[in-house]
Amino acid sequence: MHDRHTRRFGLGTATCLVMGNIIGGGIFLLPASVAPFGTVSLVAFGVLTIGALALALVFGKLARRHPDTGGPYVYAREAFGDFAGFLSAWSYWTMTWVSNAALAVAAVGYVHVLFPGHQSRGVDLMVALGALWLPALANFAGTRYVGAVQLVSTVLKFVPLLFIAVVGLFFFDPDNLGPFHAGGGSAIGGMSAAAAILLYSYVGVESAAMSAGEVRDPERNVGRATVLGTIGAAVVYLLGTVAVFGTVAHEKLVNSKAPFSDAVNAMFGGHWGGTAIAAAAVISIVGALNGWTLMSAQSPYAAAKDGLFPALFLTKRRGVPTFGVLAAAVLASALTVVNYLTGAGGVFEILVLITTFSATVPYLLAAGAQIYFLLTGQRDKVRPARFARDLTLALVAFGFTFWLVAGAGYAAIYQGVLFLFAGILVYAWMAARRTGRLRAGASDEKAR
């Protein structure tokens, strides 16, 4: 039953969900982050885009065979059983609410550009909490409002970014590019170093698959939305980075704190670029938080249906798993409060490192599930005539995700694995409860 607050996502909204979740606030600093490595970073971005598209295609194929809410969790559980499914859901869930806290904190910096003046830790905390709870309220209102916010925010951030990317090509000056490989070592080493920074630019490709149960005609639209959204994000990323590289002198770009603002100022003169880009950044982050808040509830909802997460996560109103939204918002808020009130920057950085590793666990398991389905020849899941192509895509997606793990760094992997293993306690508790219920049911059956 659907009420007026519930509306299943069409292709356009699902595409915006993917694109909006991929494009957060990081794009606005990305060109300056990779500029020290030279234009070899553009090559790295191109390679990463190929890997991201392969992963997007794999998610589309998996969703066509299993179009249910939960995406990577559903595929991992179907292929490898309950424990693998739980690890996927646990990793994804922790990644979403911790990264939401990071996005909220990032929004504060851009708000300062829009409203310069005396900075207060208390005001900053209120702004960050507002950035978390406004998207949560949109989610509580139902999928109709989630989709509307996502559509509007994606258009509002995509259009100005694409404008800069396209118009910047007309102001492109090759002399601004600087060396192909800046710094010591080989060009391959520079490309790998740049890739380590760029690797997580495409996290979010799974968004349509994760919400497949809320997408109209998911067998068809999830795959299309995943690919279209990834391509849209790639266009903004690649053209935008090229435009900034070509309009801002390399020596200035390396030290830039607002590369897109510098690019706007270089193209049109004046100093209004910073305010315009800050506004686009705030819209971008709020839109990303709107989508990621929904994602934070979908994975535990799917796992709870199978008894792998507490039953409270099954609470659903107006098409949205409301308890999952509430739990993620409360946890992200608590982390944000700790960051601001105690100044525990080290703790916050550790948890952000955890998200970088946690994002890769569901991806690896999903790509592995596709490889498993192909190699076991399950005819209801695989089209034999396309075996070679599908296997190649799955292997590229797995390799791309493996590269994500390597690029996360030793600290992220170490902290992430510890947090992942902590989830085993939750799994043991849920498995014990489920076994107890089964035994109680068997005893009642015998008594009859």
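**Internal cavities of the predicted model**

In this predicted model, the largest cavity is lined by N100, L132, L289, T293, S296, V325, A328, A329 and A332. Two elements, helix 13 (273–305) and helix 14 (322–341), each give two or more residues to this lining. Helix 14 provides the largest share, with 4 residues. The space in the largest cavity amounts to about 60 Å³. Sorted by class, its lining holds 6 nonpolar and 3 polar residues, and charged residues are absent.

The search covered the whole structure and found 2 cavities of 30 Å³ or more. The second largest cavity contains about 30 Å³ of space. Its lining consists of W90, S91, T94, F357, S358, G416, F419 and L420. Helix 5 (82–114), helix 15 (345–358) and helix 18 (410–447) are the elements that contribute two or more residues to the lining of this second cavity. By class, the second lining is divided into 4 nonpolar and 4 polar residues, with no charged residue.

The two linings can be set side by side. For the largest cavity, the elements giving two or more residues are helix 13 and helix 14, whereas for the second largest cavity they are helix 5, helix 15 and helix 18. No charged residue occurs in the lining of the largest cavity, and none occurs in that of the second largest cavity.

Conventions: Residues numbered from 1 in each chain as written. Predicted model: local features only at pLDDT ≥ 70, side-chain atom pairs only at ≥ 80, totals over all residues. Heavy atoms only, no water. 1 Å grid on protein atoms, 1.4 Å probe; cavity = no way out; pocket = protein on both sides within 12 Å on 5 of 7 lines; lining within 4 Å. Points joined across faces, edges and corners; volume = space filled by probe spheres on them. Nonpolar A, V, L, I, M, F, W, Y, C, P; charged D, E, K, R; others polar.
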